[in-house]
Protein chains: 2
Amino acid sequence: MSFINKLSAAWATNNSLLCVGLDPDITKFPPHLRNQPAAIFTFCKAIIDATADTACAFKPQIAYFSALRAEDQLEAICDYIRNAHPTIPIVLDAKRGDIGATAEQYAREAFERYGADAVTMSPYMGWDSVAPYLEWKNRGAIILCRTSNPGGSDLQFLTVEGKPLYQHVARLVADKWNTNGQCALVVGATFPEELAQVRNIIGDMPLLVPGIGAQGGDIQATVNAGKTANGTGMMINSSRAILYAKPDEAAGEDFAAAARRVALETRDAINRFRVGAVV
Amino acid sequence: MSFINKLSAAWATNNSLLCVGLDPDITKFPPHLRNQPAAIFTFCKAIIDATADTACAFKPQIAYFSALRAEDQLEAICDYIRNAHPTIPIVLDAKRGDIGATAEQYAREAFERYGADAVTMSPYMGWDSVAPYLEWKNRGAIILCRTSNPGGSDLQFLTVEGKPLYQHVARLVADKWNTNGQCALVVGATFPEELAQVRNIIGDMPLLVPGIGAQGGDIQATVNAGKTANGTGMMINSSRAILYAKPDEAAGEDFAAAARRVALETRDAINRFRVGAVV
């Protein structure tokens with residue numbers, strides 16, 4: 001099944017646009033987990049099991065694994081998602097960007113080694129830095145367009161032919177690069193009016209939207225700006241707010257139960273502003 | 001010692017602007033190496049020892065290791081360079097690009113785990129995607145500016161305020177980001193006149209220049225366009241042409257001797273067009 005079809009099915013089955021970001025930071029783990037031999041896997045597995053029915057995607061951020069020599073735990077996490085929750089797409093957040101033979105290696109890393117359904121990448125090196133990923137016909141290429149960080153404007157907001165650069169990227173992907181329906185774009189939640197402009201350019205192409213939760217984007221404005229006509233079209237990511245939710249000790253919550261509670265709250269907050277979603 | 005000082009010393013000591021790229025492709029290895037348990041390390045170690053006195057830098061391309069689950073061999077290669085050839089800087093070619101806490105993780109990966117002296121990165125996400133690397137005061141941040149691939153023009157050649165985007169990137173890095181002399185730029189050899197324009201913008205900042213050798217850039221035009229007043233300022237990269245040089249069997253060469261021969265030829269071809277270099 002293609003990435004887009006798998007994502008569409010997850011939107012429907014779980015009635016959710018929530019993407020759960022897996023950015024494992026051991027210093028934020030519950031103390032009893034920190035010194036275990038495969039602490040990252042154990043922590044992420046608990047989060048995955050607690051949130052799988054609330055999410056349309058899981059998005060592991062590879063940098064957190066690579067810094068700790070923990071690629072083996074990332075492999076185990078991806079294997080676990082595929083086996084225990086096979087209907088939930090895996091988005092490998094790697095923001096790769098290289099050309100030709102090198103991009104082929106990165107595609108192998110994402111799709112063969114980790115078995116990801118989609119991978120994030122930069123558009124800066126152009127078409128031939130994206131094309132090798134599209135050779136994997138059932139996988140997705142999620143291209144940076146307008147990012148939610150302050151420095152995002154340094155390049156993305158430069159004016160090209162009267163319009164900001166990120167709109168050119170959106171048009172380039174929609175009109176030229178998305179030859180087989182495999183592409184999606186990253187657009188941050190912190191600029192809802194820009195999200196709306198991108199949606200207007202790209203039709204029903206999916207968006208990966210970071211910037212709610214810890215980064216403070218407004219959910220109502222984000223959903224209104226980014227949804228498609230049928231009330232889907234987005235993977236709205238939350239990482240830290242879910243992973244490191246504060247347990248309600250009076251209610252006897254552990255970290256995974258707290259993560260589930262926040263994931264459900266976030267999914268439902270998103271659904272309040274969708275058309276056609278049952279809340 | 002800072003990256004820039006280490007690079008400057010290597011330029012002088014080895015009388016070389018040649019950067020030897022380590023893009024290990026097992027299918028191109030000599031047959032007797034292919035099935036060894038640490039074939040990548042063994043191959044790269046032989047190349048490193050054969051070329052260390054001809055080079056100003058080694059540039060391992062991480063994608064080739066990641067696709068094969070061979071990060072341990074990349075660690076071993078970086079350790080080996082640091083121990084056996086401690087004066088040669090290690091440039092980790094990773095083209096990372098992410099923000100805040102994630103970029104901190106990528107910086108740890110490059111500088112702590114692999115002990116690289118510098119790492120390549122994309123400018124697309126702006127200043128806060130570069131800043132975390134600069135916290136490592138003795139390390140270098142090598143930022144994509146104008147790349148040598150055909151698709152490089154898709155974004156980099158868009159016109160912003162009358163000038164192509166890559167020139168804005170060059171100016172941004174030179175005027176704002178290079179606060180501590182840690183930055184360098186990637187500019188391909190395939191567009192010498194653009195290389196000259198970047199050199200004009202950035203003063204003496206180092207350039208990493210791919211695109212000679214297998215990619216066909218012209219050495220004379222590249223050196224004339226990119227060198228600084230003292231005839232340095234560049235790491236001119238060659239990967240495949242050196243790694244997979246065809247041995248002269250009549251002369252009894254093995255793959256490492258062939259690599260050395262081509263590395264020396266390339267270094268000398270570069271030196272012919274430098275000012276102040278002894279050929």
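Here are some exercises with worked solutions on a predicted model.

**Exercise 1. The two copies**

Find out how chain A can be laid on chain B, and say what relation between the copies follows.

*Solution.* Start with the superposition: a turn of 180° with a shift of 0.0 Å along the axis lays chain A on chain B, and the RMSD is 0.0 Å. The two copies are thus related as by a two-fold rotation axis.

Next, look for the residue of chain A that comes closest to this axis. That residue is Val160(A), whose C-alpha lies at 2.6 Å.

Finally, turn to the interface. Of the interface residues of chain A, 100% are also interface residues in chain B, so the copies meet through the same surface.

**Exercise 2. The largest cavity**

Determine how many cavities of 30 Å³ or more there are, and describe the lining of the largest cavity.

*Solution.* The count comes to one cavity of 30 Å³ or more. The space in the largest cavity is about 30 Å³.

Now list the lining by chain. From chain A come Ile62(A), Ser66(A), Glu71(A), Arg96(A), Glu109(A) and Tyr114(A), and from chain B come Ile62(B), Ser66(B), Glu71(B), Arg96(B) and Glu109(B). Two elements give two or more residues to this lining: helix H4 (62-66) of chain A and helix H4 (62-66) of chain B.

As a last step, sort the lining by character: six residues are charged, three are nonpolar and two are polar.

**Exercise 3. Checking two helices**

Compare the expected span of helix H5 of chain A with the distance between its end C-alpha atoms, then treat helix H6 of chain B in this way too.

*Solution.* Helix H5 of chain A covers residues 71-84, which is 14 residues. At 1.5 Å a residue it should span 20 Å, and its end C-alpha atoms are 20 Å apart, so the two values agree.

Which residues of H5(A) are buried? They are Glu71(A), Gln73(A), Leu74(A), Glu75(A), Ile77(A), Cys78(A), Tyr80(A) and Ile81(A). A useful reminder when reading such a list: an α-helix has 3.6 residues a turn, so residues three or four places apart point the same way. Glu71(A) also belongs to the lining of the largest cavity.

Helix H6 of chain B, residues 100-113, has 14 residues and should span 20 Å. Its end C-alpha atoms are 19 Å apart, which agrees. Its buried residues are Thr102(B), Ala103(B), Gln105(B), Tyr106(B), Ala107(B), Glu109(B), Ala110(B), Phe111(B) and Arg113(B). Just after this helix, Gly115(B) takes a positive phi of about 65°.

**Exercise 4. Positive phi without glycine**

Locate Arg69(A) and Glu161(B), and decide whether each is buried or exposed.

*Solution.* Take Arg69(A) to begin with. Arg69(A) is not a glycine, yet has a positive phi of about 55°. Its place is the loop between H4 and H5 of chain A. With a relative accessible area of 53%, Arg69(A) passes the cut-off of over 50% and counts as exposed.

Glu161(B), likewise not a glycine, has a positive phi of about 50°. Glu161(B) lies in the loop between strand E6 (159-160) and strand E7 (163-164) of chain B. Its relative accessible area is 69%, so Glu161(B) is exposed.

**Exercise 5. Buried residues and their partners**

For Pro30(B), Leu195(B) and Gln182(B), give the place, the burial and the contacts beyond four places in sequence.

*Solution.* Pro30(B) sits in the loop between strand E1 (18-22) and helix H2 (31-34) of chain B. At a relative accessible area of 15%, under the 20% cut-off, Pro30(B) is buried. Leaving aside neighbours within four places, Pro30(B) is in contact with Phe43(B) and Phe255(B). Pro30(B) and Phe255(B) are 225 residues apart in sequence, while their C-alpha atoms are 7.2 Å apart.

Leu195(B) belongs to helix H10 (residues 192-202) of chain B and is buried at 0% relative accessibility. Its contacts beyond four places include Val187(B), Leu207(B) and Val209(B). Leu195(B) and Val209(B) are 14 residues apart along the chain, with 9.0 Å between their C-alpha atoms.

Gln182(B) is in the loop between helix H9 (165-177) and strand E8 (183-187) of chain B, and counts as buried at 4% relative accessibility. Among its contacts beyond four places are Tyr133(B), Trp136(B) and Arg139(B).

How values were computed. Residues are numbered from 1 along each chain as its sequence is written. Chains are lettered from A and ligands numbered from 1 in the order in which they are written. This is a predicted model: local features need pLDDT of at least 70, side-chain atom pairs count only at pLDDT 80 or more; totals for chains, interfaces and linings use all residues. Side-chain values use heavy atoms; hydrogens and water are left out. On a 1 Å grid over the protein atoms alone, a cavity is a set of points where a 1.4 Å probe fits but cannot get out, and a pocket is an open set with protein on both sides within 12 Å along at least five of seven lines; lining residues have an atom within 4 Å of a point. Grid points are joined across faces, edges and corners, and a volume is the space filled by probe spheres set on the points. Helices (H or I, at least four residues) and strands (E, at least two) are DSSP runs, numbered from the N terminus. Ala, Val, Leu, Ile, Met, Phe, Trp, Tyr, Cys and Pro count as nonpolar, Asp, Glu, Lys and Arg as charged, and the others, Gly among them, as polar. The expected span of a helix is 1.5 Å times one less than its number of residues. Buried means under 20% relative accessible area, exposed over 50%, partly exposed in between (1.4 Å probe, protein chains only). Copies are superposed by least squares on the C-alpha atoms of residues with pLDDT of at least 70 in both. Contact means heavy atoms within 4.5 Å.
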